[in-house]
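Please look over the sequence and the model shown here before reading on. The paragraphs that follow lead through the fold, its core, its ligand shell and its backbone details in turn.

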Amino acid sequence: MLFILSGCENNPAPFISEPTFEKNVKPIFHLRCTSCHGSRWQNYQTVIDSKDKIEYKVIKTRTMPPGGIPAYEYDLIKRWLEQGAK
Ligand code: HEC
């Protein structure tokens, strides 16, 4: 996954105020979910159809992915969901 560095050396992950699936969430799901779920969560419509389940597993209970992900990735996915999951 590629990040454009924000210039702040203490924080390698830039704050993305309006995350979108294609640009921001899909790369995370690709990196964190494909090893077990294959390409399932790479498809926007599939993800939207399972939005409540994903929110429950990834954000509410943090049981997916099983090993956990960095805090900024939880935060990004959470804000993406809150902002209407576009
Ligand atoms: C180490 C393997 C593994 C990884 C990585 C993983 N999952 Fe899962 N996931 C599973 C297994 C096994 C189940 C079925 C058991 C369960 O529901 O807890 C599951 C179930 C789920 C479910 C609920 C059942 C379903 O199929 O709809 C969702 C939603 C889900 N995963 C989303 C994700 C997302 C999103 C990611 C990446 C952020 C992810 N998972 C990463 C193994 C994994």
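What share of the contacts in the protein with a separation of 6 or more is accounted for by residues 24 or more positions apart? Such residues account for 49% of those contacts, where two residues are in contact if their C-beta atoms, placed from the backbone, lie within 7 Å. This is a predicted model, in which local features need pLDDT of at least 70 and side-chain atom pairs count only at pLDDT 80 or more, while totals for chains, interfaces and linings use all residues. Residues are numbered from 1 along each chain as its sequence is written.

The protein has four helices and zero strands, and from the N terminus on its elements run α-α-α-α; helices (H or I, at least four residues) and strands (E, at least two) are DSSP runs, numbered from the N terminus. Of the 86 residues in the protein, 13% are buried, a residue being buried if 20 or more other C-beta atoms lie within 10 Å of its own, exposed if 12 or fewer, and partly exposed in between, with C-beta atoms placed from the backbone.

Helix 1 (21–37) is a good place to begin. A straight helix of 17 residues would span 24 Å at 1.5 Å a residue, but helix 1 spans only 17 Å between its end C-alpha atoms; the expected span is 1.5 Å times one less than the number of residues. Helix 1 also has a kink of about 45°, centred on L31, where the bend at a residue is the angle between axes fitted to the seven residues ending there and the seven starting there. Just after helix 1, G38 takes a positive phi of about 60°. For helix 4 (71–82), by contrast, the expected and modelled spans agree, because twelve residues at 1.5 Å a residue should span 16 Å and the end C-alpha atoms are 16 Å apart.

The buried residues of helix 1 are V25, I28, F29, R32 and C33, and they pack against helix 4. The largest nonpolar core consists of eight residues, V25, I28, F29, C33, W41, I54, V58 and I77; a nonpolar core is a set of buried Ala, Val, Leu, Ile, Met, Phe, Trp, Tyr and Cys residues joined through C-beta atoms within 7 Å. Helix 1 and helix 3 each supply at least two residues of this core, and helix 1 gives the most, with four residues.

Why does V58 count as buried? V58, which lies in helix 3, is buried because 23 other C-beta atoms lie within 10 Å. Not counting residues up to four places away in sequence, V58 touches M64 and I77. The C-alpha atoms of V58 and I77 are separated by 8.5 Å, although these residues are 19 residues apart along the chain. With the same sequence neighbours left out of the count, C33 touches W41 and P65.

Attention can now turn to the ligand. Of the 15 residues around the ligand, C33, C36, K53, M64 and P65 come nearest, a residue being near a molecule if its C-beta atom, placed from the backbone, lies within 6 Å of it. Helix 1 and helix 3 (51–60) each supply at least two residues of this shell, and the largest share, six residues, comes from helix 1. The shell divides into nine nonpolar, three polar and three charged residues, where Ala, Val, Leu, Ile, Met, Phe, Trp, Tyr, Cys and Pro count as nonpolar, Asp, Glu, Lys and Arg as charged, and the others, Gly among them, as polar.

Some backbone details remain. Most residues other than glycine have a negative phi, and most peptide bonds are trans. A cis peptide bond, with omega about -10°, joins M64 and P65, and P65 has its place in the loop between helix 3 and helix 4. R62 is found in the loop between helix 3 and helix 4 as well; its phi is near 50°, a positive value in a residue other than glycine, and R62 counts as exposed because it has 12 C-beta neighbours inside 10 Å.

Just after helix 4, G84 takes a positive phi of about 100°. A85, in the segment after helix 4, has a positive phi of about 50° although it is not a glycine, and with 17 C-beta neighbours inside 10 Å A85 counts as partly exposed. E18 is found in the segment before helix 1 and counts as exposed, with 11 C-beta neighbours inside 10 Å. E18 and A85 are 67 residues apart in sequence and 9.8 Å apart in space, C-alpha to C-alpha.
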